[in-house]
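Notebook open, structure loaded. I want to jot down what I looked up, entry by entry.

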Amino acid sequence: MATVSPMLASTLSGKQVMSTDGQQVGRLHNITIDPATGSLESVIVETERTEIFGTEQDSDGHIELPATVLEAVRDHVIITPPPTAQPE
């Protein structure tokens, strides 16, 4: 996982999510954090896709991905497939 500068979670919500191959995959809906350590656990993407990196969309139209997919946060949230994911 890439090192991301500290920032408020509220500034992330709604950011466009793009894969490292330039595909727009959705918007960042939320993140989950381990309360004991403060470590980022997952990113939740709101998307029209039925799956991202082999993880299927839930009934609310969200896909929860492990934090290890996070590559960078700039104008967009950039995600990269985990090592075991199949290319889309």
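First, a term I need: buried means under 20% relative accessible area, exposed over 50%, and partly exposed in between (1.4 Å probe, protein chains only). By that rule I get 33% of the chain's 88 residues as buried.

A note on what I am looking at. This is a predicted model, where local features need pLDDT of at least 70, side-chain atom pairs count only at pLDDT 80 or more, and totals for chains, interfaces and linings use all residues. Residues are numbered from 1 along each chain as its sequence is written, and side-chain values use heavy atoms, with hydrogens and water left out.

**Entry: the chain overall**

I looked up the secondary structure and found zero helices and eight strands. Helices (H or I, at least four residues) and strands (E, at least two) are DSSP runs, numbered from the N terminus. Reading along the sequence, I wrote down β-β-β-β-β-β-β-β.

Next came contacts, meaning heavy atoms within 4.5 Å. Among the chain's contacts with a separation of 6 or more, 36% are between residues 24 or more positions apart.

For the surface, I noted an accessible area of about 5600 Å², with 49% of it belonging to carbon and sulfur atoms. Accessible areas come from the Shrake-Rupley method with a 1.4 Å probe, and for residues only the protein chains shown count as cover.

**Entry: His29 and its contacts**

His29 sits in strand β2, residues 24-33. I log His29 as partly exposed because its relative accessibility is 34%. Which residues does His29 touch, not counting those up to four places away in sequence? I listed Ser13, Ile44, Val45, Glu46 and His62. I also checked a C-alpha separation: His29 and Ile63, 34 residues apart along the chain, are 9.3 Å from each other.

I followed that contact to His62, which is in strand β6. Is His62 buried or exposed? It is buried, because its relative accessibility is 14%. Leaving aside neighbours within four places in sequence, His62 contacts His29, Ile44, Val45, Glu46, Glu56 and Gln57.

Then I went to Ser13, in the segment before β1 (16-19). Ser13 has 46% relative accessibility, so I put it down as partly exposed. With residues up to four places away set aside, Ser13 touches Leu28 and His29. The C-alpha atoms of Ser13 and Val77 are 10.0 Å apart, with the two positions 64 residues apart along the chain.

**Entry: Phe53**

Most residues other than glycine have a negative phi. Phe53 is not a glycine, yet I read a positive phi of about 50 degrees for it. Where is Phe53? I found it in the loop between β4 (51-52) and β5. Phe53 goes down as buried because its relative accessibility is 10%.

**Entry: acidic residues**

I found a patch of negative charge on the surface, where Glu41, Asp58, Asp60 and Glu64 gather. Patches are made of residues with over 30% relative accessible area and no salt bridge; like charges are joined within 9 Å, nonpolar side chains (Val, Leu, Ile, Met, Phe, Trp, Tyr) within 5 Å. A salt bridge is a side-chain nitrogen of Lys or Arg within 4 Å of a carboxyl oxygen of Asp or Glu. Lys and Arg count as positive and Asp and Glu as negative, while His and the chain ends are not counted. I take the place of a charge as NZ of Lys, CZ of Arg, CG of Asp or CD of Glu.

From that patch I picked Asp58, in the loop between β5 (55-56) and β6 (62-66). Asp58 is partly exposed because its relative accessibility is 38%.

I also looked at Glu71, found in strand β7, residues 70-73. Its relative accessible area is 37%, so Glu71 is partly exposed. Glu71 and Thr20 are 51 residues apart along the chain, and their C-alpha atoms are separated by 8.0 Å.
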